[in-house]
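Okay, thanks for coming, everyone. Let me put the structure up and then we can walk around it together.

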Amino acid sequence: GQTGTFLEMERILPEMAKMGFDILALPPIFPTGGGANDSVWAVGNDEGGHASVDPNLGTRDDFVSLVETAAANQMEIALTLPFHCSKNHYYIQEHPEWFRRDSDRETPLHHRPKYPNTISFDFESEEWESLWSEMKNIVLFWIKQGVHIFRFDDPETKPFAFWEWLIQTIQDQHTEVIFLAEPV
């Protein structure tokens, strides 16, 4: 009934490798917030955003140790990167230009009715270049932590041009990186 930690995962990696597994796919590991009735799902709260880890899982150093132990056991970590945020993410206040707004121009639009706590980025806003650059920087940050496989939530909600640009830009520098899409 309790969330496992990076250190607990690290301890069982050698056993997983012996079973023939070579990839450990992780769900989002980021601090979350914005949920109704204590149901939290969307990325971001006062503990951080897309370049942070949920303290319930451990520290960033614990995560890097997990990645290193995986590599030592001929395994890779696949990280899920949701490109959206909670209403508590610092991007909402620091970069309001990155979000679509309701008719009142104050309230950021939600991602999908199914996920009312998830706020969408506007990948085609007037400030799309700074948003796209930030998304690239998030990927580069996790590459520096040793991650080379990324799974993206809801890729169909972002423009094709964004994915084409992101994948090409990253793979120009990091040919080893693999991009996966959540099935629609």
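Let's start at Gln74, which sits in the loop between H2 and strand E4, residues 76-81. This is a predicted model, by the way, so keep that in mind throughout. What is the phi of Gln74? It's near 55°, a positive value in a residue other than glycine. As background, most residues other than glycine have a negative phi. And is Gln74 buried or exposed? It's exposed, because its relative accessible area is 64% and the cut-off for exposed is over 50%.

There's another residue like that to look at. Asp154 isn't a glycine either, and its phi is positive too, at about 45°. You'll find Asp154 in the loop between E8 and helix H5, the helix that covers 160-173. Its surroundings are another story: Asp154 has a relative accessible area of 5%, so it counts as buried, the limit being under 20%.

Okay, let's zoom out for a moment. How many helices and strands does the protein have? Five helices and nine strands. If you read along the sequence, the pattern goes α-β-β-β-α-β-β-α-β-β-α-β-α-β. The protein has 184 residues, and buried ones make up 47% of them. About 10000 Å² of the protein is exposed, and carbon and sulfur atoms supply 50% of that. Here's one on contacts: take the ones between residues at least 6 apart in sequence, and 69% of them join residues at least 24 apart.

For an example of parts of the chain meeting up, go to Arg60. Arg60 is in helix H2, which runs over residues 60-72. With a relative accessibility of 37%, Arg60 counts as partly exposed. Which residues is Arg60 in contact with, once we leave aside neighbours within four places in sequence? Those are Ala51, Val53, Phe141 and Gln145. Also have a look at Phe6: Arg60 and Phe6 are 54 residues apart in sequence, and their C-alphas are 9.4 Å apart in space.

Now follow that contact from Arg60 over to Gln145. Gln145 is in the loop between helix H4, which is 128-144, and strand E8, which is 149-152. Gln145 comes in at 13% relative accessibility, so it counts as buried. Not counting residues up to four places away in sequence, Gln145 touches Arg60, Phe63, Val64 and Val67.

On to charges. How many salt bridges are there? The count comes to three. Let me take Asp122 and Arg100 to begin with: they form a salt bridge, with the closest N and O atoms 3.5 Å apart. This pair links distant parts of the chain, 22 residues apart. Asp122 is in the loop between strand E7 (115-119) and H4, while Arg100 is in the loop between helix H3 (90-94) and strand E6 (110-112). Asp122 is buried, since its relative accessible area is 13%, whereas Arg100 is partly exposed at 36%.

Next, find Arg151. The side chains of Asp153 and Arg151 meet in a salt bridge, at 2.8 Å from N to O. Asp153 is buried, with a relative accessible area of 6%. Arg151 is partly exposed, with 26%.

Arg151 also forms a salt bridge with Glu182, where the closest N and O atoms are 3.4 Å apart. That pair links distant parts of the chain as well: Arg151 is in strand E8 and Glu182 is in the segment after strand E9 (178-181), 31 residues apart. Glu182 has a relative accessible area of 22%, so we call it partly exposed. Put those together, and salt bridges with shared partners join Arg151, Asp153 and Glu182 into one network.

One more stop, on the surface. Which residues gather in a patch of negative charge there? Glu97, Glu126, Glu127 and Glu129. Let's pick out Glu129, which lies in helix H4. Glu129 counts as exposed, because its relative accessibility is 56%.

So, back to where we came in: Gln74 and Asp154, both with a positive phi, one exposed and one buried. That's my tour, so over to you.

Key: Residues are numbered from 1 along each chain as its sequence is written. This is a predicted model: local features need pLDDT of at least 70, side-chain atom pairs count only at pLDDT 80 or more; totals for chains, interfaces and linings use all residues. Side-chain values use heavy atoms; hydrogens and water are left out. Helices (H or I, at least four residues) and strands (E, at least two) are DSSP runs, numbered from the N terminus. Buried means under 20% relative accessible area, exposed over 50%, partly exposed in between (1.4 Å probe, protein chains only). Contact means heavy atoms within 4.5 Å. Patches are made of residues with over 30% relative accessible area and no salt bridge: like charges are joined within 9 Å, nonpolar side chains (Val, Leu, Ile, Met, Phe, Trp, Tyr) within 5 Å. Accessible areas come from the Shrake-Rupley method with a 1.4 Å probe; for residues, only the protein chains shown count as cover. A salt bridge is a side-chain nitrogen of Lys or Arg within 4 Å of a carboxyl oxygen of Asp or Glu. Lys and Arg count as positive and Asp and Glu as negative; His and the chain ends are not counted. The place of a charge is taken as NZ of Lys, CZ of Arg, CG of Asp or CD of Glu.
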